[in-house]
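Me: I have a model to go through with you. Please keep the answers short and show the reasoning.

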Amino acid sequence: MAMTEFLAYVPIFSELPDETLSKIERIGSCKTFSKNDVILMEEESGTALFVIMNGKVKVSRTSTDGREVILTILGEGDFFGEMAILDGLTRSATVVAIEDTELFMIQRNDFMTMLHEHPEISIALLQELTKRLRAADMKIKALSLKDAEGKVATVILQLADEIGKIKHGKVEIDKLPLQQDLANMAGTSRETISRTLHSFAKKGLVELDGNKLKILDYEKFRGMFI
Ligand code: CMP
């Protein structure tokens, strides 16, 4: 795929004319990372914004005693690294490649110039940040108010939104993260994840097959836990 074709598919750039996409192509550069490579670290300073061309990353924070909470998983077409660029503070989280990943990188000054010259990028960026704030609000609610089933269901619904495929009211998640990663997303233990997923399967809410998970009636499942 030509780079401008890829850029046109990235939600924050999708409204732009071809000549602007060519301009973005010229100001950015590509960088590849292998699975498990750290792309950026919480508390470091940083001056680049990244767009995922292919692969997946996890965004996480770690406590002083080494426990990890996964904030989100991002995939093709998603961006990250905008926070340190916009507020000039250090990186708010650590980003690690969970698959071999290819990124398109834009430096702060070039990105800021683009935001000034093309307000449609700023609006698309605000829309995506609003979506992330909604997801974060949902997570705060789950972590503070919900029992184990509610926490696990919230993570499954988050993954369904991010990487699920919808078909006839069912949502299929093809590559479910490892149970320890699910635990770090839900703020619970690996054992609780395992027990709760099996209990959901027993109740006929989900179907489990290796690292595939199917929500059998998405609307009903959402209605039960959100
Ligand atoms: P920055 O703080 O520059 O570096 C870490 C990046 O992780 C951050 O920018 C965002 O792009 C991303 N990030 C941090 N928190 C979240 C979140 N809750 N949801 C999605 N992405 C996030």
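The questions below take up two helix pairs and the ligand of this predicted model.

Me: Are helix H2 and helix H4 roughly parallel or roughly antiparallel to each other?
Reply: H2 covers residues 18–27 and H4 covers residues 108–117. They pack at an angle of about 165°, with their axes 11 Å apart. Angles over 145 degrees count as roughly antiparallel. H2 and H4 are therefore roughly antiparallel.

Me: Which residues in H4 does H2 meet?
Reply: H2 brings Thr-20, Lys-23, Ile-24 and Ile-27 to the contact. On the other side, in H4, they meet Asp-110, Met-114 and Glu-117.

Me: How do the residues of that contact divide into nonpolar, polar and charged?
Reply: Take the contact of H2 with H4 as a whole. One residue is polar. The others divide into three charged and three nonpolar.

Me: Is the crossing of H5 and H6 left-handed or right-handed?
Reply: H5 spans residues 119–145, and H6 spans residues 148–163. Their axes are 9 Å apart, at an angle of about 160°. That angle is over 145 degrees, so the two helices are roughly antiparallel. Their crossing is left-handed.

Me: How far is an oxygen atom of the ligand from an N or O atom in the side chain of Ser-92?
Reply: The ligand has 13 residues around it, and Ser-92 is among those that come nearest. Here the contact uses an N or O atom in the Ser-92 side chain. The distance to a ligand oxygen atom is 2.7 Å.

Methods
Residues numbered from 1 in each chain as written. Predicted model: local features only at pLDDT ≥ 70, side-chain atom pairs only at ≥ 80, totals over all residues. Heavy atoms only, no water. Axes fitted to C-alpha atoms, helices over the stretch in contact; angles between N-to-C directions. Helix = DSSP H or I, 4+ residues; strand = E, 2+ residues; numbered from the N terminus. Parallel < 35°, antiparallel > 145°, perpendicular 65-115°, else oblique. Contact = heavy atoms within 4.5 Å. Nonpolar A, V, L, I, M, F, W, Y, C, P; charged D, E, K, R; others polar. Near = heavy atom within 4 Å. Polar contact = N/O pair within 3.5 Å; in protein donor to acceptor, adjacent residues only side chain to side chain. Left-handed = near helix turned anticlockwise from the far one by under 90°.
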